[in-house]
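Colleague: I should be grateful for a close look at a single part of this protein, described in its surroundings.

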Amino acid sequence: MEAFWISLVVIFVAELGDKSQLMAMTFATRFKPWPVLAGITIATTIVHLVSVAVGGLIGDALPTTAISIVAGIAFLGFALWTLRGDELTEEESRKAQRTTRHALIAVTVAFFLSELGDKTMLATITLATQHGWVGTWIGSTVGMVAADALAIVVGRMLGTHLPERVIRYGAAAAFAVFGVVLLGEALIS
């Protein structure tokens, strides 16, 4: 359960202000929320399964202290990445607006491709090096789907105007705290 809750919180925070949230809001303006959420869930489930497999292999191969140090540095890097911000490219925005048929397939493919190499995928790999893969997989998937569902709801209620700066700074601060805690644990051990 620890892996589940840690992964859920970390990935939920990581997803705040991410380009996939912007994609979710864009798709939600064109399609009903349920196919958008189902597509996000399918893509996230697959990407995060691959992520925990990679993280599990790395976790088994390296000593715990080394993993904690690398994970701490990675989370500090995620904090900087989050501060930099994430935006949809013009091409991604056009694809999201142009797609009108087969919403589930369009959303699934778009999210799958956008998540490959994204910070939430890398964060899931990092979490899986230290926690059980099943809890990490389920927690990270639920965290990401919940964050994107929140974006869909808020986006539909408020339009596309979200307090992006506050979200970005809050998520970056959370990543920095996780990074410092992991480094502190590694250095104290």
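Which residues does His-48 touch, not counting residues up to four places away in sequence?

Modeller: The model is a predicted one, and the description below should be read accordingly. Leaving aside residues up to four places away in sequence, His-48 touches Ile-11, Thr-120, Thr-124, Trp-137, Ser-140, Thr-141 and Met-144. The residue belongs to helix α3. With a relative accessible area of 0%, His-48 counts as buried, because that value is under the 20% cut-off.

The setting of this helix may be described next. The protein has nine helices and zero strands, and from the N terminus on its elements run α-α-α-α-α-α-α-α-α. Of the 189 residues in the protein, 44% are buried. Among contacts with a separation of 6 or more, 94% are between residues 24 or more positions apart. Helix α3 itself covers residues 33-61.

Two of the residues that His-48 touches, Thr-120 and Thr-124, are also listed among the buried residues of α7. Helix α7 spans residues 119-128, and nine of its ten residues are buried, so the helix is largely enclosed by the rest of the structure. The buried residues are Lys-119, Thr-120, Met-121, Ala-123, Thr-124, Ile-125, Thr-126, Leu-127 and Ala-128.

Gly-55 is another residue of helix α3. Its relative accessibility is 0%, and Gly-55 therefore counts as buried. Beyond residues up to four places away in sequence, Gly-55 touches Ile-125, Ala-128 and Thr-129; Ile-125 and Ala-128 are among the buried residues of α7. A further relation links Gly-55 to Thr-136: the two are 81 residues apart in sequence, while their C-alpha atoms are 9.9 Å apart in space.

Helix α3 also packs against helix α6, which comprises residues 103-115. The axes of these two helices come within 8 Å and cross at roughly 40 degrees, and the crossing is right-handed. On the α3 side, the residues that take part are Pro-35, Val-36, Ala-38, Gly-39, Ile-40, Ile-42, Ala-43, Ile-46 and Val-47. They meet Ala-103, Leu-104, Val-107, Thr-108, Phe-111, Phe-112 and Glu-115 of α6.

One member of that contact, Phe-111, also has a spatial relation to Lys-19. The C-alpha atoms of Lys-19 and Phe-111 are separated by 9.9 Å, although the residues are 92 apart along the chain. Lys-19 lies in helix α2, which covers residues 19-30. At 17% relative accessibility, Lys-19 counts as buried, because the value is under the 20% cut-off.

Other residues of α3 contribute to the surface. Ile-42, Ile-46, Val-50, Val-54, Ile-58, Leu-62 and Leu-104 form a nonpolar patch there, with about 520 Å² of accessible area together. Helix α3 supplies the largest share of this patch, namely five residues. Ile-46, which is in helix α3, has a relative accessibility of 43%; Ile-46 therefore counts as partly exposed, since the value is between the 20% and 50% cut-offs. Ile-42, Ile-46 and Leu-104 appear both in the patch and among the residues of the contact between α3 and α6. For the protein as a whole, the accessible surface comes to about 9,600 Å², of which 71% belongs to carbon and sulfur atoms.

To return to the request, His-48 is a buried residue of helix α3, and the residues it touches include Thr-120 and Thr-124.

Terms used. Residues numbered from 1 in each chain as written. Predicted model: local features only at pLDDT ≥ 70, side-chain atom pairs only at ≥ 80, totals over all residues. Heavy atoms only, no water. Patch = residues over 30% accessible without salt bridge, like charges linked within 9 Å, V, L, I, M, F, W, Y side chains within 5 Å. Areas by Shrake-Rupley, 256 points an atom, 1.4 Å probe, with all protein chains shown as cover. Salt bridge = Lys/Arg side-chain N within 4 Å of Asp/Glu carboxyl O. Helix = DSSP H or I, 4+ residues; strand = E, 2+ residues; numbered from the N terminus. Buried < 20%, exposed > 50% of the residue type's maximum accessible area, 1.4 Å probe, protein only. Contact = heavy atoms within 4.5 Å. Axes fitted to C-alpha atoms, helices over the stretch in contact; angles between N-to-C directions. Left-handed = near helix turned anticlockwise from the far one by under 90°.
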